[in-house]
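Me: Here is a file for a short round of questions and answers. Please reason from the numbers and finish each reply on what was asked.

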Amino acid sequence: MATTAFDETPPDGIPVQEDNYLTHRRGIASWLLTLDHKRIGVMYLVTVLAAFLLGGIFALLMRTQLLRPEGLLFHMTPESQDLAVYRPFNQLFTLHGVVMIFLVLIPGTPAALGNFVLPLMLGAKDVAFPRLNLWSYYLFVAGALLAVVSILINAADTGWTFYTPYSTERSAGAVIPLVAGAFVIGFSSIFTGINFIVTIHKLRPAGMKWDRVPLFLWGLYATAVIQVVATPVLGMTLLLLIVERLFHVGIFNSYYGGDPLLFQHFFWFYSHPAVYIMILPAMGVMSEVIATFCRREIFGYRFVAASSVAIALIGFLVWGHHMFPNGQSGPLDAIFSAMTMLVAIPSGVKVWNWLATMYKGSIVLLTPMCYALCFLFLFAIGGLTGLFLASLATNFHVHDTYFVVAHFHYVMIGGALFMFIGGLHYWWPKITGRMYNETVGRIGCLLLFVGFNLTFFPQFIIGTHGMPRRSASYKPMFETGHVLSSVGALVQFLALLLIAGCFVYSLCRGRKAPANPWGGTTLEWACSSPPPHDNFDHPPAVAGPYDRTAIAWNPALGGYERTGSPLPPGEGPGVRGASRS
Amino acid sequence: MTEPAAYTEKPADPWHLAHHFSSPQQQFDSGKLGIWLFLTTEILLFSGLFCAYAVFRANHPEIFVYAHAYLSKPLGALNTMILIFSSFTMASAVRAAQLGQTRWLVRLLAVTLFCGGAFLGVKFIEYKAKWEEGLLTGGDYRPEAPPPGAVVPPEQKPAAATAKPQAAAPVQGLVIERSSIPPAAVGPSGLSPQWLANTPAHPADRWHGPEPYNVQVFFSFYFVMTGLHGIHVLGGMGAIAWVLVRARRGEFGPRYFSPVDFTGLYWHLVDLIWIFLFPLLYLIT
């Protein structure tokens, strides 16, 4: 079995590339002012992981509070029945949501992993606009700092959805810095989206026709389309919210003749497609991992690629399902319900194609593949419970309960975050030039899977029994579910610590990575690990992205290598940028 | 099979070609696609406001018919002409850059920049007048007189319009006994009975009858839409100034003019948005 090769002592034959992107220039300034997409990707990665830790701490505090029905951290006493004691809990769920969504999930896979991998997969030297790329990063940091400032002043307690008029009139928290932070991060997201679309359109090598674009790039492309089309509407909405809070212009406030529901429409017009910003790149990672570790061409390439775009497009027409009980008209409810169910079709196409790729493949259960299996399992649960929520009758029953919380976390953590971590394992040798410990990686994955299900599966059950979300206390009948959930959160925290330790150990002591440790077929595995500053000396020749005919294991390298031309007979070497209009 | 030529063996690159592009054409095409995508996002930014405008205008046409008469049509028309003229000079500037006429390029950019400043100057005059007449958003809407041309019987003015309670201040802590937001002042949702009663009897561009409820909504839209547009004009002026400085250094010519081209595209978009704002806010019948 191929896996044993990874646990052996490092072979001597790996050619060490002295001049790579990490060593090309030295010093803090060479990082902070870099225009290299790889370094920007690494900076995103570090920032996102720091935000992830912050958001995770908020989650743990919430779960600690919910260990007791009356609340463990903040609770009323017989002397004081003031509900204001629960305000910190409202701040916690607000910050947890804002940090995890705007600072972790939205930039996680596209901006961190995507920035690093996208030009490499295209055989290009950089993204189309490297300076804009650096601007995106600094806008992201500025937005994150604004959010931190708002926490230091007086954290908002509006929920990450900022519903009006509470957010514009009543909330005593520092809503404006937080909203301004989200607004600035929106710009960062737009610029990244523009950059990726232009790069994929204009910097593909000559031989890479649209049916040879790797599926991760299809995922990033569909994501970028959503980022470019939906984020401006969020920008305008948040801008109006700020203006409303400052000057009481009243477009969202019924007291001045405005319409609070209009805010919800605008907000979800962005924020529903935003969940596809989070999941589509993860699905792209999934396709890469499945193809590599099943040693097969992906089954139904065209369908997997097209379903990404289909999800992106249908995703724009479903936002109203967040407002079923909020006073929409009946026909509108019915249309949104039907459109929401349509999303299940391209999602199902993807899942079945991945399963069909695994069927009769020679599956190698390395860590990224373990995450892929977790993804299949968790995303199936998350997706199917989404259909419950799309149905009007069940939605009215479980709206704003823990059922919704569990569904959302199954899709976003079980889907998007699992594949972010899986993708991090997958590209870790490429990014750092070091291998991590397989055994620890797999144990970390298993532990995270167990902890995750322990946390969120009970929430489905208490949700159907009526446990409302965003509540700092609850009836004793829900105690078992909540305690299980809190224990699960602790298990997840330990699992993430183990995974982080595994990565840190790999950075210090890990053995040197070969150029292609997994037998990947896409172009990023064609350059050394870590890649040189300019990625490629020659424009790489491009065949089908998952063509395995010329990939073979080389024990001297401790990895895989190309043994011949990947091109079908009759196709010459590609010259970048030529003859394509 | 021959090895493809290495990147370093290309003929000497022009100074403006970034290292990751293989030809100036590829660089120009990328920039063009990029700026068009950016313009898409700008249109979508405004489209949210247009959408909100459409919702309110469909539900409350009387607010818009009544309040639009407060705005000065001549000043709005003047601004429209200024911007259309500046679009012309901007387009000519791009042409001058392509032909390598640096002196003309600098002059035309300077005229465009001046037009942008003139537009903002006129806008300032309009804003100042609104401020002085109490025509502001939300709770600050305290008009001194009905709009020109409107026939408002004074005895029919609704009491709520003159004695509006103050906006609720944000409250520290959490008070749950009852909301501190006063109940909505007046007005049913949907088409107002005033509108239904007024339109058949009189020409629709002239208001007859009591002041409609919630006129401040019109000024919310007016200030947010023209304000956001004004910020975009400022941004465009910044970009033109930057291009102007570079043009004076003689950086642009037939081989390299993309910054002029892309700034021009942005300026046309700013112009285009105003061409929608002008009839939507000033020319309501």
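Me: In which loop of chain A is A:Pro165 found?
Reply: This is a predicted model, in which local features need pLDDT of at least 70 and side-chain atom pairs count only at pLDDT 80 or more, while totals for chains, interfaces and linings use all residues. Residues are numbered from 1 along each chain as its sequence is written, with chains lettered from A and ligands numbered from 1 in the order in which they are written. A:Thr164 and A:Pro165 are joined by a cis peptide bond with omega about 0°. Elements are DSSP runs numbered from the N terminus (helices are H or I of at least four residues, strands E of at least two), and the place of A:Pro165 is the loop between α5 and α6 (166-170).

Me: Which loop of chain A holds A:Pro530?
Reply: The peptide bond from A:Ser529 to A:Pro530 is cis, and its omega is near -10°. A:Pro530 is found in the loop between α16 (479-509) and β1 (551-554).

Me: Is A:Asn535 buried or exposed?
Reply: A:Asn535 lies in the loop between α16 and β1 of chain A, and its phi is near 70°, a positive value in a residue other than glycine. The class depends on counting other C-beta atoms, placed from the backbone, within 10 Å of a residue's own: 20 or more is buried, 12 or fewer exposed, and in between partly exposed. A:Asn535 has 24 C-beta neighbours inside 10 Å, so the residue counts as buried.

Me: As what does A:Arg470 count, given its 14 C-beta neighbours inside 10 Å?
Reply: A:Arg470 is placed in the loop between α15 (438-464) and α16 of chain A. Its phi is near 55°, positive in a residue other than glycine. With 14 C-beta neighbours inside 10 Å, A:Arg470 counts as partly exposed.

Me: Which helix of chain A gives the largest share of the largest nonpolar core?
Reply: A nonpolar core is a set of buried Ala, Val, Leu, Ile, Met, Phe, Trp, Tyr and Cys residues joined through C-beta atoms within 7 Å. The largest one has 248 residues, and A:Val99, A:Ile197, A:Tyr221 and A:Met286 have the most contacts inside it. Its largest share is 22 residues, and they come from residues 87-122, helix α4.

Me: Which residues does A:Tyr221 touch, not counting residues up to four places away in sequence?
Reply: Contact here means that C-beta atoms, placed from the backbone, lie within 7 Å. With residues up to four places away in sequence left out, A:Tyr221 touches A:Phe196, A:Ile197 and A:Ile200.

Me: How are α4(A) and α14(A) oriented to each other?
Reply: Helix α4 and helix α14 (residues 402-432) of chain A pack with axes 10 Å apart, at an angle of about 25°. Axes are lines fitted to C-alpha atoms, for helices over the stretch in contact, and angles run from 0 to 180 degrees between N-to-C directions. Under 35 degrees counts as roughly parallel, over 145 as roughly antiparallel, 65 to 115 as roughly perpendicular and the rest as oblique. α4(A) and α14(A) are therefore roughly parallel.

Me: How many nonpolar residues are in the contact of α4(A) with α14(A)?
Reply: Ala, Val, Leu, Ile, Met, Phe, Trp, Tyr, Cys and Pro count as nonpolar, Asp, Glu, Lys and Arg as charged, and the others, Gly among them, as polar. On α4(A) the contact includes A:Leu105, A:Gly108 and A:Phe116, and on α14(A) the partners include A:Met412, A:Phe420 and A:Trp427. No residue of this contact is charged and three are polar, and the nonpolar ones number 11.

Me: How many polar residues are in the contact of α3(A) with α5(A)?
Reply: Helix α3 (residues 37-65) and helix α5 (residues 130-154) of chain A have axes that come within 10 Å and cross at roughly 15°, which makes them roughly parallel. A:His37, A:Tyr44 and A:Thr47 are among the α3(A) residues in the contact, and A:Asn133, A:Tyr137 and A:Phe140 among those of α5(A). The contact has 10 nonpolar residues and no charged ones, and the polar count is three.

Me: What percentage of the residues in chain B is buried?
Reply: Chain B has eight helices and zero strands. Among its contacts between residues at least 6 apart in sequence, 79% join residues at least 24 apart. Of the 285 residues in chain B, the buried share is 33%.

Me: How many charged residues are in the contact of α1(B) with α8(B)?
Reply: Helix α1 (residues 24-59) and helix α8 (residues 258-282) of chain B pack at about 15° with axes 10 Å apart, which makes them roughly parallel. The contact includes B:Phe28, B:Glu42 and B:Tyr53 of α1(B), with B:Ser258, B:Tyr266 and B:Leu280 among the residues of α8(B). Nonpolar residues number 11 and polar ones two, and the charged count is one.

Note on methods:
Two residues are in contact if their C-beta atoms, placed from the backbone, lie within 7 Å.
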